[in-house]
Amino acid sequence: MTIFQELKRRGLIAQVSHEKELEELLDKEQVKFYIGFDATADSLHIGGLLQLITMKRFQLAGHYPLALLGTATTLIGDPTGKTDLRKMLTPEQIAHNAECFKEQMSRFIEFGDGKAEIVRNGDWFADIKYLEFLRDVGRHFSVNKMLTAECFRSRFEGKGLSFLEFNYMLLQSYDFLHLYKTKNVKLQLGGDDQWSNILAGADLVRRVEQGEAFAMTFTLLLTSDGKKMGKTEKGALWLSKDKCSVYDFFQYFRNVDDADVINLMKLMTFIPIEEIEELEKTLSGAEFNAAKERLAHEMTAMVHGKDEADKAREAARSVFGAGGVDDNMPTVTVEESEIGILDLLVSAGLCGSKREARTAVEQNAVSIDREKVSDVNAIIKISDFVVVQKGKKNFVKAVRG
């Protein structure tokens, strides 16, 4: 089975340009390809994880990945999916974020001579002169056509699109042209929300160099009811355990809906597709719990290592199975021996504000050591520790400091 066939079988491919030619090219030679990552934070999240996993699939199939760190494009900001202008970061912040990305990427991609490499578009944009860029690159773009792209149209019809952001498509397209000319890169990959930008890059290469250039986008991570995956009560599902604990990362996948388990296995794991398809035929009832636990363990081991995944699994089994406490469950330190329930919920990170905490208590969604708390003025005594629970799936051990 070729890499193209496997991607299709797993449901990973959303859109592709010159499909037949690309499939043949991937089958007959090593293809250099890249994915761009704008360094907007100091950690990648679940969307970036899908990109890294797909890069790894290509690498295992014998192709050559380039991870492009957007040290220049991050200064501009991609308007795709945003209702307002992105927060402007300093070059120093972007450089720091890029280094964090590099460390996370190295857990998935084997970098080195003849294997893969990391490039930064700040290295080539730093020396480009604006008037020359407009003359040599801008003349290939139609404003009318650009405004039909979803990434621009939604903003243009809403709060408006800044001229700064309007340049983003040109910059991203030039990345492809530069990499084609300097490194013989022929394929750009990315999420399907980037289709317009990626296709524009491939078109630019074909216009300027009359060369082979291809665009491919992946299926977006959506739940079965069409909602975007990766959002938790505490925010985005980050790959850094400093921003999302290993336990919370494990629990996210352990608690996905039954309808999403098989799809996530196909998109996000290296479980053989034949095995997943067989499981899809028979999976029912209580078997979903075992499948979810396997999914969670596979994902956590991939990001944080097998030992951490084992600990998270045992913690979850202890808390949810026997109703006990495990050393590996999320823990916060509380200085007071007595604390109000609303303050405790906020301190434990289970609620973002006292108002949210009050609502949770009033909705009978809060327990201390498995006992429901219905009084918003309740004072919780902590001699050693208590287990704070919000809803069915959110537990934190509050330890006396």
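**β2 and its neighbours**

I started with strand β2 (residues 32–37) in this predicted model. β2 runs parallel to strand β3 (residues 64–69), and I found six bridges joining the two. For the register, I noted that I35 sits opposite A67 in β3.

Next I looked up what goes with β2 and β3 to make a β-α-β unit. It is helix α3 (residues 46–60), and the unit is right-handed.

Then I checked where else β2 pairs. Strand β5 (residues 187–191) is a parallel partner of β2 as well, over two bridges. Here Y34 of the pair faces Q188 in β5. A reminder to myself: in a regular strand, side chains alternate between the two faces of the sheet.

**K390**

I moved on to K390, which I located in strand β14 (residues 385–390). Buried or exposed, I wondered, is K390? K390 has a relative accessible area of 11%, so I put it down as buried.

What does the K390 side chain contact? I found a polar contact of 3.1 Å to the side chain of E356. I also logged the backbone oxygen of L350, which the K390 side chain reaches at 3.2 Å.

**Cysteines**

Last, I counted disulfides and got zero. C100 is in none, and its nearest cysteine sulfur, in C244, lies 16 Å away. Why no bond for C244? Its closest cysteine sulfur, in C100, is 16 Å off, and a disulfide needs the two sulfurs within 2.5 Å, so that is too far. I also noted that C244 has 9% relative accessibility and therefore counts as buried.

Definitions and conventions: Residues numbered from 1 in each chain as written. Predicted model: local features only at pLDDT ≥ 70, side-chain atom pairs only at ≥ 80, totals over all residues. Heavy atoms only, no water. Helix = DSSP H or I, 4+ residues; strand = E, 2+ residues; numbered from the N terminus. Buried < 20%, exposed > 50% of the residue type's maximum accessible area, 1.4 Å probe, protein only. Polar contact = N/O pair within 3.5 Å; in protein donor to acceptor, adjacent residues only side chain to side chain. Pairing = 2+ DSSP bridges. Right-handed = clockwise from strand over helix to strand, strands pointing away.
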